[in-house]
Amino acid sequence: MSGQRVDVKVVMLGKEYVGKTSLVERYVHDRFLVGPYQNTIGAAFVAKVMSVGDRTVTLGIWDTAGSERYEAMSRIYYRGAKAAIVCYDLTDSSSFERAKFWVKELRSLEEGCQIYLCGTKSDLLEEDRRRRRVDFHDVQDYADSSCSSALWGGWECKIGTALAARARCSRRSSWPP
Ligand SMILES: Nc1nc2c(ncn2[C@@H]2O[C@H](COP(=O)(O)OP(=O)(O)OP(=O)(O)O)[C@@H](O)[C@H]2O)c(=O)[nH]1
């Protein structure tokens, strides 16, 4: 890990190709990934400093590889995470099943982890609604019963909004977490 002090550990989880790395790039560097798809190998770490009220918080974001080949490795990266962004592709129903797999595992093994479900590639639905493969209400029901929140979006998804909310919650109870 980088030598930087991390206040909140965040992990990105989800099936390969759902767009985890793209979301992190967009959020941390405000840029879109260009060029051909390159799958993450193992995991990648990036730190992001953000303001929450009058505090400065450093997020340590672990972007895990979605390929099932790296499943055991992903478990190492979610340990001790305060927040998990579990991504699925709105145009791929199997990716939602994979997201549920991670949510179930986090709920049983990482009690202190806030779980956010994140539907990606909504731009593809804007182009053609028939491409949707994950029902809006199914996600909402599932998020209500099993997660901290559901996020909607593609490139524009604001991971930070959810994390800031999480940070504010922590602040009311015990901060730093
Ligand atoms: N149209 C569209 N394409 C996207 C979006 N997000 C990611 N992609 C594309 O989907 C592909 C996979 O994106 P990645 O961000 O590499 O996916 P990943 O989940 O990190 O994949 P792994 O590293 O294999 O786990 C790439 O070709 C991206 O350009 C999105 O919001 N909309």
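Guide: A polar contact is a pair of N or O atoms within 3.5 Å. Keep that cut-off in mind for this predicted model.

Visitor: How far does a polar side-chain atom of Ser22 lie from an oxygen atom of the ligand?
Guide: The pair joins a polar side-chain atom of Ser22 to a ligand oxygen. A polar contact must fall within 3.5 Å. The distance here is 2.6 Å.

Visitor: Which residue puts a side-chain N or O atom 2.5 Å from an oxygen atom of the ligand?
Guide: A polar backbone atom of Tyr17 is 3.1 Å from a ligand oxygen, but that is backbone. The 2.5 Å pair uses a side-chain N or O atom. That side chain belongs to Tyr37.

Visitor: What percentage of the ligand's exposed area does the protein bury?
Guide: Taken alone, the ligand exposes 660 Å². Of that area, the protein buries 88%.

Visitor: Which element gives the most residues to the shell around the ligand?
Guide: The shell has 18 residues, with Lys20, Ser22, Tyr37, Thr40 and Gly66 nearest. Two elements give two or more residues: helix H1 (20-29) and helix H4 (122-127). With three residues, the top contributor is H1.

Visitor: Where does the ligand sit, and how much space lies there?
Guide: The ligand sits in the largest pocket. Tyr17, Gly19, Ser22, Leu33 and Tyr37 lie nearest the centre of that pocket. The space in the largest pocket is about 710 Å³.

Visitor: How many residues of the lining of the largest pocket are charged?
Guide: The lining counts 27 residues. By class, 11 are nonpolar and 12 polar. The charged residues number four.

Terms used. Residues are numbered from 1 along each chain as its sequence is written. This is a predicted model: local features need pLDDT of at least 70, side-chain atom pairs count only at pLDDT 80 or more; totals for chains, interfaces and linings use all residues. Side-chain values use heavy atoms; hydrogens and water are left out. A residue is near a molecule or strand if one of its heavy atoms lies within 4 Å of it. A polar contact is a pair of N or O atoms within 3.5 Å; within protein, one must be able to donate a hydrogen and the other to accept it, and residues adjacent in sequence count only if both atoms are side-chain atoms. Accessible areas come from the Shrake-Rupley method with a 1.4 Å probe; for residues, only the protein chains shown count as cover. On a 1 Å grid over the protein atoms alone, a cavity is a set of points where a 1.4 Å probe fits but cannot get out, and a pocket is an open set with protein on both sides within 12 Å along at least five of seven lines; lining residues have an atom within 4 Å of a point. A molecule sits in a cavity or pocket if more than half of its atoms lie within 2 Å of its grid points. Helices (H or I, at least four residues) and strands (E, at least two) are DSSP runs, numbered from the N terminus. Grid points are joined across faces, edges and corners, and a volume is the space filled by probe spheres set on the points. Ala, Val, Leu, Ile, Met, Phe, Trp, Tyr, Cys and Pro count as nonpolar, Asp, Glu, Lys and Arg as charged, and the others, Gly among them, as polar.
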